[in-house]
Amino acid sequence: MVDQTLHHTDACVIGGGPVGLFTVFQCGMVRIKCHVVDVLDALGGQCAALYPEKPIYDIPAHPSILAGDLIGQLEQQAAPFNPVYHLSQQVVGLTRQDNGRWLVETDKGTRIDCAVVIIAAGAGAFGPNRPPLDGLAHYEGKSVFYFVKSREAFRGKRVVIAGGGDSAVDWAVSLSEVAASVAVIHRRPKFRCAPESAARLQDLASQGKIDLVVPYQLSALEGDTASGQLTTVRVADLDGGLRDLPADILLPFFGLATSLGPISSWGLGMDKSHITIDQGTSATNVEGIFAAGDVCTYPGKLKLILTGFAEAAQAAHHAYPFVYKGEHLHFEHSTSIGVPA
């Protein structure tokens with residue numbers, strides 16, 4: 001259904017991941033009302049869509065927190081400010097109006113009139129890099145998955161994982177605790193992951209809990225195409241020698257294909273696929289547009305969620321003069337003002 005309503009608000013936040021959600025909170029703390037647009041059908045960005053059960057270790061005051069739990073708490077933190085979420089749609093138009101405000105338009109016809117735009121789009125729209133296998137589409141979503149949302153879904157299954165990065169190794173280690181068997185296919189013996197993860201993988205392989213199928217690569221799939229149920233994953237070595245692996249599940253972890261989409265055509269200062277900002281204000285080169293999180297860059301930038309949180313706070317505070325023209329924002333700590341409802 002096309003939304004023909006013209007919405008009026010203070011700020012439009014593009015991106016509903018962890019940094020986008022914290023942006024809503026920070027804006028709320030300085031009385032800036034937000035609408036949020038995200039291309040996914042649920043909030044949380046990659047944290048929710050790709051690895052909700054994966055622990056995150058660098059969130060202050062949380063020695064460890066599951067990505068999905070982090071998103072839930074960020075939603076709860078933003079809730080008092082009544083943000084309006086526009087999900088499953090992409091921003092395709094951004095126009096400065098005669099009165100200096102912005103008109104944001106989505107591919108579903110949603111129109112948002114706002115004083116400022118804060119881009120917290122992470123890596124942009126994303127999707128998996130799919131292996132070039134005949135008949136792959138028959139099995140996708142049934143026995144071939146690119147993301148793990150619940151490891152319990154693979155309990156007692158024969159799981160084959162393809163890839164050599166952090167996701168492949170981390171999930172191999174985790175699923176070895178619940179799956180009937182786990183095999184890891186990689187083109188070379190060396191894995192591109194944290195050293196402690198690689199050591200844990202090798203330890204589990206030496207115990208017979210994980211089968212390291214190296215150096216091999218995916219060659220073909222066999223199973224019932226009508227039901228989408230795999231029975232065999234065929235792999236080939238560098239000389240063309242074949243090996244069949246019994247499988248109920250295939251998890252190809254070959255990274256993500258990401259794109260900023262229309263954002264890259266908005267006249268913003270860019271450094272490759274990132275938006276350049278002023279580190280002290282999170283402002284872009286276009287007045288009234290800010291950016292925070294992995295989508296932006298500056299000298300010395302660290303791609304951490306906590307860095308994005310700090311950038312969100314900067315963006316909210318420096319957006320204030322665009323919303324409340326002529327007013328000076330007197331900075332106060334949250335311990336002094338509480339959470340304004």
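Glu 327 is partly exposed in this predicted model, with a relative accessible area of 41%. Its side chain meets that of Arg 31 in a salt bridge, at 3.5 Å from N to O. This pair links distant parts of the chain, since Arg 31 sits in the loop between α1 and β3 while Glu 327 sits in the loop between α7 and α8 (334–337), 296 residues apart. Arg 31 also counts as partly exposed, because its relative accessibility is 45%. The backbone at Arg 31 deserves a look too: phi is near 65 degrees, a positive value in a residue other than glycine.

Turning to the other salt bridges, a search of the whole structure finds 13. Arg 243 forms one with Asp 211, and here the closest N and O atoms are 2.9 Å apart. Arg 243 belongs to strand β17 (residues 242–246) and Asp 211 to strand β14, so the pair ties together parts that are 32 residues apart in sequence. Both ends count as partly exposed, Arg 243 at 31% relative accessibility and Asp 211 at 30%. Another salt bridge joins Arg 234 to Glu 222, with 2.6 Å between the closest N and O atoms. Since Arg 234 is in strand β16 (residues 229–237) and Glu 222 in strand β15, this pair ties together parts that are twelve residues apart in sequence. Arg 234 is partly exposed at 23% relative accessibility, and Glu 222 is partly exposed as well, with a relative accessible area of 31%. The pair is not on its own, either: Glu 222, Arg 234 and Asp 244 are linked in a network of salt bridges.

Now for the strands earlier in the chain. Strand β8 (residues 102–106) is mostly covered, with four of its five residues buried. On one side of the pairing, β8 runs antiparallel to strand β7 (residues 91–96), and five bridges join the two. Within this pairing, Arg 96 has Trp 102 of β8 as its bridge partner. The β7 and β8 hairpin has five residues between the strands, and Gly 100 takes a positive phi near 90 degrees there. β8 also pairs with strand β9 (residues 111–114), again in the antiparallel sense, over four bridges. Val 104 stands opposite Ile 112 of β9. In the β8 and β9 hairpin, four residues come between the strands, and Gly 109 has a positive phi near 90 degrees.

Among the helices, α5 (residues 166–175) is largely enclosed by the rest of the structure, because seven of its ten residues are buried. Those buried residues are Ala 168, Val 169, Trp 171, Ala 172, Val 173, Ser 174 and Leu 175. What do the buried residues of α5 pack against? The partners are β12 (158–162), β13 (181–185), α6 (195–206) and β18 (249–252).

Helix α1 offers another covered position in Val 19. This residue counts as buried because its relative accessible area is 10%, under the 20% cut-off. Leaving aside residues up to four places away in sequence, Val 19 touches Ala 120, Ala 292, Gly 293, Ile 305, Gly 308, Phe 309 and Ala 312. The C-alpha atoms of Val 19 and Glu 75 are separated by 11 Å, with the two residues 56 apart along the chain.

At the surface, Leu 302, Leu 304 and Leu 306 make a nonpolar patch of about 230 Å². Of these, Leu 306 has its place in helix α7 (residues 305–323). Leu 306 counts as partly exposed because its relative accessibility is 32%.

A couple of backbone details round out the picture. Val 214 and Pro 215 are joined by a cis peptide bond, with omega at about -10 degrees. Pro 215 falls in the loop between β14 (211–213) and β15 (216–224). Lys 272, another residue other than glycine with a positive phi, has a value near 60 degrees. Lys 272 lies in the loop between β20 (270–271) and β21 (274–276), and it counts as exposed because its relative accessible area is 79%.

Notes. Residues numbered from 1 in each chain as written. Predicted model: local features only at pLDDT ≥ 70, side-chain atom pairs only at ≥ 80, totals over all residues. Heavy atoms only, no water. Patch = residues over 30% accessible without salt bridge, like charges linked within 9 Å, V, L, I, M, F, W, Y side chains within 5 Å. Areas by Shrake-Rupley, 256 points an atom, 1.4 Å probe, with all protein chains shown as cover. Salt bridge = Lys/Arg side-chain N within 4 Å of Asp/Glu carboxyl O. Buried < 20%, exposed > 50% of the residue type's maximum accessible area, 1.4 Å probe, protein only. Pairing = 2+ DSSP bridges. Contact = heavy atoms within 4.5 Å.
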